[in-house]
Amino acid sequence: MDERPVSLLDWAYKQVRRMLFSGDLPQGQKIVVAQLANQLSISPTPVKEALNRLAAEGLLEAVPRRGFQVCSGRNRRTTGAFGDGDRS
């Protein structure tokens, strides 16, 4: 079976999500796209797209003209916090 290569967007999404749940990105922390892209050794574009996806899931807050911030636990949507919305 041939494995399909993972896109940079999907890889960045998984890495940032892992960082969120491992505590590497603590609640309330401001995320600077350029710094995170440098840390992940990829360009800023897939990082920003991954952050937008995580913001849509309620794990990050997109602040207009300021970037992104990690949501506090009480501000996270259940769907985002548990991955698929189903805890069973």
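How much surface does the protein expose, and what share of it do carbon and sulfur atoms supply? In this predicted model, the protein exposes about 6100 Å², and carbon and sulfur atoms account for 47% of that area. Of the 88 residues in the protein, 33% are buried.

The fold is built from four helices and three strands, and these elements, read from the N terminus on, follow the order α-β-α-α-β-β-α. Among the contacts in the protein with a separation of 6 or more, 52% are made between residues that lie 24 or more positions apart.

Two residues deserve a separate description on account of their backbone angles. Ser 41, although it is not a glycine, has a positive phi of about 60 degrees, and this residue is found in the loop that lies between α2, spanning 33-40, and α3, spanning 44-56. Because the relative accessibility of Ser 41 is 66%, and exposed residues are those over 50%, Ser 41 counts as exposed.

Arg 65 likewise is not a glycine, and its phi is positive, at about 60 degrees. Here the loop in question is the one between β2, which covers 60-63, and β3, which covers 67-70. With a relative accessibility of 85%, Arg 65 also counts as exposed, since the cut-off for that class is over 50%. Thus a positive phi is found at Ser 41 in a loop between two helices, and at Arg 65 in a loop between two strands.

Key: Residues are numbered from 1 along each chain as its sequence is written. This is a predicted model: local features need pLDDT of at least 70, side-chain atom pairs count only at pLDDT 80 or more; totals for chains, interfaces and linings use all residues. Side-chain values use heavy atoms; hydrogens and water are left out. Buried means under 20% relative accessible area, exposed over 50%, partly exposed in between (1.4 Å probe, protein chains only). Contact means heavy atoms within 4.5 Å. Accessible areas come from the Shrake-Rupley method with a 1.4 Å probe; for residues, only the protein chains shown count as cover.
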